[in-house]
Amino acid sequence: MLPALDTKYPALILKMSPNVIHHGALAVTRTLGRLGVPVYAVVEDAYAPLALSRYLTKAFVWDSRPTDSESFVKAMSLVAEAIAQPAIIIPMDDLSAVFVAENAANLGRWFVIPRVPPQLPHQLANKACLLTLCAQVGIPSARSVVPQSFADVKAFAEGTEFPVVVKAVEQWLPVSNAWCAKVIQTREELFSLCADYNCEETQRLIIQEHIPGDDWICHGYYNSEKNISLTFTGKKLRGYPPDAGSTSLGISVDNETLRSASEKLLRSVAYSGIIDMDWRKDERDGEFKMLDCNPRVGQNFRMFENSAGVDVVRAQHLDLSGRRFDNASLREGRLFTVEPYYALAFLRGLPRSASKQDAAEYFPHKGKELAWWSGDDPLPFLMMSVRLVMRVLGKALGRLWSPLRSRFRRHFRIKKPAVLDAG
């Protein structure tokens, strides 16, 4: 039996970082839309997979993404005018969560938002600030440094075993505008990466020890004012890319130790809203150590629901619309698969060290869910497949054309046209 939601409260899916192939936003649309809630979304373009879902009431395409509070509030006011009734905002990326929290006073005129300290989502999403919070609360985390000079990089390397992980301090500001996380195998590779990077001025990267062990996931919904906590835990069985990638296969597993540690951190900072956390169980000492904390919906939240049919998105909608939800036990053994990541790992011949056989070690399967395919809503899957193929072909053609273009120019001695001075 599924919970009854108040359909007078629509939901708005907000995603400010460009990522058109995003199964989490689609999952939000389906989990609420199937229960009759009108769902709106900000999308990259009219042909985004999410825009084709039968459960999406309307999509909004922003000509340009807001980059400051003033433009953000103005853009959101236009969305609110189109919806014409209070809507529950559901941020899908860290940047959206940060903007919503920092501008909650203005947005509260049109939207329903969890009451959270304005700077807290930024502190949780910023990996350097997160580690400081963990240290203050007594939550174990990976040994890390935010280098302010090349000397800091060398000092960290001298006292750390390799490989290490280099990440962007804030996910919405990729390192060198190219990547957010990278596994570095040797000191030489790390020094080469950081040699031309101005650590003192930017301070946009963090270097962490690579913790050996199993990856665990924690998703939850919290309301600090009402003392509400709904926490789900599970294990990442496979990721893509394998060393620092997203979940391609995971299973729900109740873990009291991890649940308690997660709730301890969130209670200490009075957090309210949906959360997505990545942990690793250190095989050296058996401790669960914090890797990342995202103050918004995780892409794989549909891995988890309780025996009353409540997931974190439904829990938030029930709470913010003034209804209670049943905090029943987790449905364990739910296997969640992200089809494109799983297929790419298979096509590239990556080792199957973690697979469905690993899931059998915990529980017999008590439910399966695919991230994209759904018989009652097939168009997003089809559009995702088309756009993914186009993306792969585009990259392949780009790599092929680059050397051919150089040879063509050398052979025919093509020169750049001269620029004439009109004066």
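**View 1. Phe111 in strand S5 and the residues around it.** At 5% relative accessibility, Phe111 counts as buried, and in this predicted model the residue lies in strand S5. Once the neighbours within four places in sequence are left aside, the residues in contact with Phe111 are Leu12, Met76, Ala80, Ala87 and Ile89. One of these contacts, Met76, stands 35 residues away from Phe111 in sequence, while the C-alpha atoms of the two residues are 9.4 Å apart in space.

**View 2. The parallel sheet that contains strand S5.** Five strands make up an open sheet with parallel pairing, and their order across the sheet is S3-S2-S1-S4-S5. Strand S3 (58-61) and strand S5 (111-112) are the edge strands, each of which pairs on one side only. Strand S2, residues 39-43, runs parallel to S3 and is joined to that strand by four bridges; within this pair of strands, Val43 stands opposite Val61 of S3. Helix H3, made of residues 94-102, packs on the sheet and touches strand S1 (11-14) and strand S4 (87-91), with a direction that makes about 135° with that of S4. Helix H11, made of residues 312-320, also packs on the sheet, where the helix touches S4 and S5 and its direction makes about 150° with that of S4.

**View 3. The antiparallel sheet around strand S7.** A sheet of four strands, open and with antiparallel pairing, has the order S6-S9-S7-S8. The edge strands here are strand S6 (144-145) and S8, each pairing on one side only. Helix H6 packs on this sheet, touching S6, S7 and S9, and the direction of the helix makes about 50° with that of S9. Helix H8, residues 187-195, lies across S7, S8 and S9 and runs at about 140° to S8.

**View 4. Strand S7 and its bridge partners.** Strand S7, residues 164-168, is mostly covered, since five of its five residues are buried. Val164, Val166 and Ala168 point one way from the strand, whereas Val165 and Lys167 point the other way, and all are buried. On one side, S7 is joined by four bridges to strand S8 (residues 181-184), which runs antiparallel to S7, and Val166 stands opposite Lys182 in S8. S7 also pairs with strand S9 (residues 205-209), in the antiparallel sense and over five bridges. In S9, Ile207 is the bridge partner of Val166, and Gln208 stands opposite Val165.

**View 5. Helix H10, from its start to the residue that follows.** At 1.5 Å a residue, the 13 residues of helix H10 (residues 256-268) should span 18 Å, and because the end C-alpha atoms of the helix are 18 Å apart, the expected span and the modelled one agree. At the start of H10, a side-chain oxygen of Asn255 reaches to within 3.2 Å of the backbone nitrogen of Thr257. The buried residues in the helix are Leu258, Arg259, Ala261, Ser262, Glu263, Leu265 and Leu266. What covers these buried residues includes helix H6 (127-137), together with strand S10 (213-223), strand S11 (228-240), strand S13 (273-282) and strand S14 (288-294). Beyond the helix comes Ala270, whose phi is positive, near 55°.

**View 6. Cysteines in a chain with zero disulfides.** A disulfide is a covalent bond between the sulfur atoms of two cysteines. The structure holds zero disulfides. The sulfur of Cys293 has its closest cysteine sulfur in Cys134, at 7.7 Å, and because this is too far for a bond, the two are not joined; the cut-off that applies is 2.5 Å between the sulfur atoms. Cys293 is buried, with a relative accessible area of 2%, whereas Cys180, with a relative accessible area of 28%, is partly exposed.

**View 7. The chain as a setting for the close-ups.** The chain has 14 helices and 16 strands, and 52% of its 423 residues count as buried. Among the contacts in the chain with a separation of 6 or more, residues 24 or more positions apart account for 71%.

Technical notes:
Residues numbered from 1 in each chain as written. Predicted model: local features only at pLDDT ≥ 70, side-chain atom pairs only at ≥ 80, totals over all residues. Heavy atoms only, no water. Pairing = 2+ DSSP bridges. Helix = DSSP H or I, 4+ residues; strand = E, 2+ residues; numbered from the N terminus. Contact = heavy atoms within 4.5 Å. Axes fitted to C-alpha atoms, helices over the stretch in contact; angles between N-to-C directions. Buried < 20%, exposed > 50% of the residue type's maximum accessible area, 1.4 Å probe, protein only. Expected span 1.5 Å × (residues − 1). Polar contact = N/O pair within 3.5 Å; in protein donor to acceptor, adjacent residues only side chain to side chain.
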